[in-house]
Amino acid sequence: MRWKRTESPEGAKGGRPAKNDPAVYRFSVNFSAVEHARFLDLYEQSGLLSKAAFIKARVFNEAFRVVKTDRGTLEYVAKLTAFHAQFRAVGTNYNQVVKELHAHFSEKKTLALLYKLERATRELAAVGQQVVSLSEEFKQRW
């Protein structure tokens, strides 16, 4: 079977649509080593994704926010998130253990094991309270 070539409408070349106001004017700037280091420092503090956007914002005095990240804060949040996931997993396992105790053990053995589980749960609750108090202290500091 032969493919027939269809004629495209006049002016349609394919590809990406043309911009209404393309940025075609370019300028070149030379920095010394000290100026370049300062420029990169300011650029990193700005949090913008491209150096061109940063330069435009500086030239036209547009306001931009400076986002400073604290490594300690990021680590704390990451560990707190991991701890929360573990805490939820313990809750799920707790429910499964109680069901299995009631299904497979005698009442006396179940009560003895539940006592141990209750004691461990109290310890876990105390750790949870410490985490909450540390988080509140952290929140007040920042």
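**Exercise 1. About how many helical turns separate Glu118 and Arg122 in helix H4?**

Let's work it out on this predicted model.

- Step 1: Glu118 and Arg122 are four residues apart in helix H4, so about one helical turn separates them.
- Step 2: Now look at the side chains. Those of Glu118 and Arg122 meet in a salt bridge, with 2.7 Å from N to O. The cut-off for a salt bridge is 4 Å, so this pair makes it.
- Step 3: Here's the general idea: side chains of opposite charge can pair when their charged atoms come close.
- Step 4: Count up the salt bridges, and the structure holds one.

**Exercise 2. Sort Glu118 and Arg122 by how exposed they are.**

- Step 1: You need two cut-offs: buried is under 20% relative accessible area and exposed is over 50%, with partly exposed in between.
- Step 2: Glu118 has 38% relative accessibility, so it counts as partly exposed.
- Step 3: Arg122 comes in at 52%, so it counts as exposed.

**Exercise 3. Describe the largest pocket: its volume, its lining and the helices involved.**

- Step 1: Start with the volume, which is about 660 Å³.
- Step 2: Next, the lining. It is made of 19 residues, and Val29, Ala52, Ile55, Lys56 and Val59 lie nearest the centre of the pocket.
- Step 3: Which elements give two or more residues to this lining? They are H1 and helix H2, which spans 51-59. H2 gives the most, with six residues.
- Step 4: Sort the lining by class, and you get 13 nonpolar, one polar and five charged residues.

**Exercise 4. Do the same for the second largest pocket.**

- Step 1: This pocket holds about 180 Å³ of space.
- Step 2: Its lining includes Phe87, Tyr94 and Val97, along with Leu117, Thr121 and Leu124.
- Step 3: H3 and helix H4 (107-141) each supply at least two lining residues. H3 gives the most here, with six.
- Step 4: By class, the lining has eight nonpolar and three polar residues, and no charged ones.

**Exercise 5. Check how confident the predictor is.**

- Step 1: Take the whole chain. Its mean pLDDT is 81, and 86% of its residues reach 70 or more.
- Step 2: Then go element by element. Helix H1 (residues 33-46) has the highest mean pLDDT, 88, while helix H3 (residues 71-104) has the lowest, 81.
- Step 3: Keep one caution in mind: where pLDDT is low, the predicted coordinates should not be read in detail.

Technical notes. Residues are numbered from 1 along each chain as its sequence is written. This is a predicted model: local features need pLDDT of at least 70, side-chain atom pairs count only at pLDDT 80 or more; totals for chains, interfaces and linings use all residues. Side-chain values use heavy atoms; hydrogens and water are left out. pLDDT is the predictor's confidence in each residue, from 0 to 100. On a 1 Å grid over the protein atoms alone, a cavity is a set of points where a 1.4 Å probe fits but cannot get out, and a pocket is an open set with protein on both sides within 12 Å along at least five of seven lines; lining residues have an atom within 4 Å of a point. Grid points are joined across faces, edges and corners, and a volume is the space filled by probe spheres set on the points. Ala, Val, Leu, Ile, Met, Phe, Trp, Tyr, Cys and Pro count as nonpolar, Asp, Glu, Lys and Arg as charged, and the others, Gly among them, as polar. A salt bridge is a side-chain nitrogen of Lys or Arg within 4 Å of a carboxyl oxygen of Asp or Glu. Buried means under 20% relative accessible area, exposed over 50%, partly exposed in between (1.4 Å probe, protein chains only).
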